[in-house]
Each structure stands twice: as structure tokens, then as C-alpha cells.
Amino acid sequence: MRVSGVLRFLALIFALVTTWIFIRSYISLNAKTIRLPRWLSLVTKEIPVVKAKCGLAKPCPKEFFAFKISSGAANVVGPTMCFENQVIMSPVKNNVGRGLNIALVNGTTGMVLTQKCFDMYSGEVKLLVKFLKEIPEGALVLVASYDDPGTRLNDETRKLLSSLGSSYAKQLGFRDSWVFLGAKDLKDKSPFEQFLKNNPNTNKYEGWPELLELEGCVPRKIP
């Protein structure tokens with residue numbers, strides 16, 4: 001009985017010592033795993049995220065201007081124009097209207113010269129003619145339709161818009177969708193233009209085609 005009791009006592013001591021060694025080793029290992037992320041955080045550097053102007057997918061090259069033009073959606077949501085990260089016209093700014101919304105930008109400096117909207121459903125077309133004839137040399141012209149951009153257009157206005165580089169001004173009609181970027185006395189047709197005809201069979205909205213978006217990088221005019 002005495003020998004058996006001694007053996008039991010020694011077994012208990014052995015179990016306690018083994019448990020203590022295991023717990024100590026676990027705590028030491030756990031402390032090392034906690035320190036490792038702290039050490040790594042000292043050498044981790046934040047990578048800055050470069051945001052392109054006007055929400056473009058990527059920045060424009062040097063000597064190019066970033067722009068984005070959205071037409072109006074039916075007669076509910078007005079158009080939006082952004083140039084070099086500056087919102088020129090939008091419903092939020094409360095400076096858009098039914099018809100043609102037009103902004104002029106200096107082609108060299110990128111400075112906004114003016115912005116106006118012309119009612120092409122019941123407005124005076126002569127106001128648009130006067131505006132188009134007075135566009136300064138070297139100015140970039142941004143255009144976005146809203147609701148009805150074509151009912152009041154005549155041959156003179158279509159010719160003036162075509163001289164800015166438009167390929168669709170001659171066929172622009174009632175409730176068509178149109179976004180365009182051109183320039184004064186452009187020799188060739190502008191590559192920055194989208195047009196969608198009002199067609200009851202294909203219209204996205206009741207009575208209107210879908211909203212159009214035009215974005216890209218336009219070269220700066222070197223003086």
C-alpha cells in the first residue's frame with residue numbers, strides 16, 4: 001500500500017509539472033504570434049489611390065483635359081457636365097433646362113467661359129443662333145440635350161452646330177438624346193459625340209430614348 005501510494009503521488013507530481021511546462025510554452029508562443037503583426041505594421045506603407053477627374057476610369061495624359069457629359073433622362077432628370085473635375089452644369093446647381101444645354105470652355109487654359117440653356121420646344125431659336133455665332137475662336141463646346149432638343153431648330157442652327165464638328169446636328173429632332181463636345185470652326189468631325197433617335201419601339205422611357213453618357217480626354221490646344 002505504501003509503495004502504491006508513493007507511485008500515485010509521483011504520478012500526480014509528474015502530471016502537474018508537465019501541465020505547467022505546456023501552459024508556459026503556450027503562453028510564450030502566443031506572445032510571439034501577437035508581436036508579429038505589430039512588427040509587420042511598422043513596415044507596411046499605405047498605397048495612395050489616385051482618383052481620375054470627373055470620375056473617369058483612369059487619369060488623362062498630360063496636356064489633355066478630362067470631361068464627362070450626361071444627357072437628361074426623359075423630362076425628369078436634367079443633364080450634367082463635368083470638365084477637369086469641375087461640375088459646370090447639373091440639376092444640383094439648378095442651371096439646366098429643357099432643350100440644349102451648352103457650356104463654353106477655353107481650349108488652352110480649361111477655364112469655363114459661360115454656360116446657358118436654350119428651350120428648343122417653345123423658346124426663341126434666334127437666341128441660340130446669336131450664341132453660336134459669338135463663340136470665340138479656340139473655345140471648346142460641350143452640349144447636352146434635355147427633354148426636347150430639336151423642335152425649334154432650323155437650317156441655320158443645324159449648320160452652325162455642324163461647323164463645331166457635329167455629325168448628327170442635321171438630324172436632331174423631337175425628344176432625341178444627344179451629347180457632344182466640339183470646337184469653333186473644327187475642320188474634321190468631332191470624335192466626341194453620341195446620338196439616339198426618339199423611337200417608340202426602342203425608347204427606354206415612355207416617350208424618350210435612354211440617357212446618354214460621353215466621357216474622355218480632349219487635347220489641350222497649344223497657343
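This note goes through a predicted model of one chain, from its overall make-up to a helix pair, a sheet and a single residue.

1. Overall make-up. The secondary structure of the chain amounts to 3 helices and 9 strands, and these elements follow one another along the sequence in the pattern α-β-β-β-β-β-α-β-α-β-β-β. Of the 223 residues in the chain, 38% are buried. Among the contacts with a separation of 6 or more, 59% join residues that are 24 or more positions apart.

2. The pair of helices α2 and α3. Helix α2, which covers residues 125-133, packs with helix α3, residues 155-162, at an angle of about 30°, and the two axes are 10 Å apart. Because angles under 35 degrees count as roughly parallel, α2 is described as roughly parallel to α3. The crossing of these two helices is left-handed.

3. Residues between the two helices. On the α2 side the contact is made by V125, L128, V129, L132 and K133, which meet E156, T157, L160 and L161 on the α3 side. Sorted by class, this contact of α2 with α3 holds 6 nonpolar residues, 1 polar residue and 2 charged residues.

4. The open sheet. Five strands form an open sheet in the order β5-β4-β6-β7-β8, and the pairing in this sheet is antiparallel. Strands β5 (112-118) and β8 (193-196) stand at the edges and have a single partner strand each, so one side of each is left without a neighbour in the sheet. On average, and with direction ignored, neighbouring strands of this sheet are turned by 15° against each other.

5. The pairing of β6 with β7. Within that order β6 is followed by β7, and strand β6 (residues 139-146) pairs with strand β7 (residues 177-183) in the antiparallel sense over 5 bridges. One position can be named here, since a reader may wish to locate it in the model: V141 stands opposite G182 in β7.

6. Residue V179. Is V179, a residue of strand β7, buried or exposed? Its relative accessibility is 0%, and V179 therefore counts as buried, the cut-off for this class being under 20% relative accessible area. When neighbours within four places in sequence are left aside, V179 is in contact with I69, S70, S71, V143, A144, F192, E193, Q194, L212 and L214. Y146 lies 33 residues from V179 in sequence, and the C-alpha to C-alpha distance between V179 and Y146 is 9.8 Å.

Note on methods: Residues are numbered from 1 along each chain as its sequence is written. This is a predicted model: local features need pLDDT of at least 70, side-chain atom pairs count only at pLDDT 80 or more; totals for chains, interfaces and linings use all residues. Side-chain values use heavy atoms; hydrogens and water are left out. Axes are lines fitted to C-alpha atoms, for helices over the stretch in contact, and angles run from 0 to 180 degrees between N-to-C directions. Helices (H or I, at least four residues) and strands (E, at least two) are DSSP runs, numbered from the N terminus. Angles under 35 degrees count as roughly parallel, over 145 as roughly antiparallel, 65 to 115 as roughly perpendicular and the rest as oblique. A crossing is left-handed if the near helix is turned anticlockwise from the far one by less than a right angle, and right-handed if clockwise. Contact means heavy atoms within 4.5 Å. Ala, Val, Leu, Ile, Met, Phe, Trp, Tyr, Cys and Pro count as nonpolar, Asp, Glu, Lys and Arg as charged, and the others, Gly among them, as polar. Two strands pair if DSSP finds at least two bridges between them. Buried means under 20% relative accessible area, exposed over 50%, partly exposed in between (1.4 Å probe, protein chains only).
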